[in-house]
Amino acid sequence: MIAININEGDEVVDVRLTNGHNELIIADRNGRACRFDESNIRTMGRVSTGVRGMRLDEDGQDEVVGMIVVNDPVNETVMVVSEEGYGKRSQVEDYRLTNRGGKGVKTLNITDKTGKLVAIKNVTDDNDLMIINTVSYTHLTLPTILRVEN
C-alpha cells in the first residue's frame with residue numbers, strides 16, 4: 001500500500017495526530033524552529049509528495065530533527081536538546097507564528113560546545129526527564145533542571 005510518495009534521499013522523521021486546528025513546530029539541526037497553523041497544510045491524496053514544512057539550509061548538513069503539536073500553548077513549553085547534552089526550555093509564544101515553508105526562528109545557538117540540535121519536545125512542569133548516555137542514566141524532574149527562559 002502506498003501512503004505517500006517520498007523522494008529519493010528523503011525520509012519520514014515524525015508523524016503526529018492532530019485535531020485539525022493545532023499549531024505545529026518543526027525544528028532543524030542548525031538550531032531553528034518554524035511554528036505554523038496546521039490549516040496551512042492542504043489535504044492531499046495518498047500518492048502525493050506532501051508540502052514543505054520548513055526550508056532547510058543548503059549546506060548539505062541541515063535536516064529536520066522533529067516536530068511537536070501544540071495542544072496547550074499556555075501550559076506547555078518547548079524543550080530542545082543538543083548533541084552535547086545542552087537543553088533549553090522556551091515559551092510557545094517565543095516562536096512567532098509564520099507560514100509553513102519558512103526558515104524559522106533561532107531556538108538554540110549552535111556552537112562547537114553545544115553541538116547540533118537533536119530533539120524537540122513539548123513539556124510541562126509535571127514531566128520527568130531521563131538522561132541516557134553510553135555509561136549510565138539519570139532520572140530527574142524537569143522543573144529542577146531546566147527553567148523556562150524568557
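Start your tour with the salt bridges: this chain has eight of them, and since the model is a predicted one, treat each stop as a look at a computed structure.

**Stop 1: the charged network**

Select Asp28, Arg32, Asp57, Asp62 and Lys103, which are joined up in a network of salt bridges. Side chains of opposite charge can pair when their charged atoms come close.

Zoom in on Arg32 and Asp57 to begin with. Their closest N and O atoms sit 3.1 Å apart. Arg32 belongs to strand 2 (residues 32-37) and Asp57 to the loop between strand 2 and strand 3, so this pair ties together parts 25 residues apart in sequence. Is Arg32 buried or exposed? Its relative accessibility is 14%, so Arg32 counts as buried. Asp57, with a relative accessible area of 24%, is partly exposed.

Stay on Arg32 and bring up Asp62. These two side chains also meet in a salt bridge, 4.0 Å from N to O. Here Asp62, in the loop between strand 2 and strand 3, is linked to Arg32 in strand 2, 30 residues away. Both Asp62 and Arg32 are buried.

Now hop back to Asp57 and add Lys103. The N to O distance in this salt bridge is 2.8 Å. Lys103 comes from the loop between strand 5 and strand 6, while Asp57 is in the loop between strand 2 and strand 3, which puts the partners 46 residues apart. Lys103 is partly exposed, at 39% relative accessible area.

**Stop 2: the whole chain**

Zoom out and switch to cartoon. You should see one helix and ten strands, running β-β-β-β-β-β-β-β-β-α-β from the N terminus. Of the 150 residues, 31% are buried. Among contacts with a separation of 6 or more, 69% are between residues 24 or more positions apart. On a surface view, about 9,700 Å² is exposed, with 47% of that supplied by carbon and sulfur atoms.

**Stop 3: the cores**

Next, select Ile25, Ala27, Val78, Val80, Tyr95, Leu117 and Ile120. They have the most contacts inside the largest nonpolar core, which has 14 residues. Strand 1 (23-28), strand 3 (64-70), strand 4 (77-82) and strand 7 (117-123) each give two or more residues to this core. Which strand gives the most? That's strand 3, with three residues.

Click on Val80 and show what surrounds it. Beyond its neighbours within four places in sequence, Val80 is in contact with residues including Tyr86, Thr107, Leu108, Leu117 and Ile120. Then look for a second, separate core of seven residues, with Leu24, Phe36, Met67 and Val69 among them.

**Stop 4: Ser82**

Follow strand 4 to Ser82. Ser82 is buried, at 3% relative accessibility. Draw a distance from its side chain to the backbone oxygen of Thr114, and you'll get 2.6 Å. Further along the chain, Ser82 is in contact with Leu108, Thr114, Gly115, Lys116, Leu117 and Val118.

**Stop 5: out to the surface**

Find Leu97 in the loop between strand 5 (87-91) and strand 6 (105-106). Leu97 is partly exposed, with a relative accessible area of 49%. Its C-alpha atom is 7.8 Å from that of Cys34, although the two are 63 residues apart along the chain. Contacts of Leu97 outside its sequence neighbourhood of four places are Glu23, Arg35, Phe36 and Asp37.

Finish by selecting Ile4, Ile6, Val12 and Val15, which make a nonpolar surface patch of about 370 Å². Val12 is in the segment before strand 1, and at 53% relative accessible area Val12 is exposed.

Methods:
Residues numbered from 1 in each chain as written. Predicted model: local features only at pLDDT ≥ 70, side-chain atom pairs only at ≥ 80, totals over all residues. Heavy atoms only, no water. Core = buried A, V, L, I, M, F, W, Y, C linked by side-chain atoms within 4.5 Å. Buried < 20%, exposed > 50% of the residue type's maximum accessible area, 1.4 Å probe, protein only. Helix = DSSP H or I, 4+ residues; strand = E, 2+ residues; numbered from the N terminus. Contact = heavy atoms within 4.5 Å. Polar contact = N/O pair within 3.5 Å; in protein donor to acceptor, adjacent residues only side chain to side chain. Patch = residues over 30% accessible without salt bridge, like charges linked within 9 Å, V, L, I, M, F, W, Y side chains within 5 Å. Areas by Shrake-Rupley, 256 points an atom, 1.4 Å probe, with all protein chains shown as cover.
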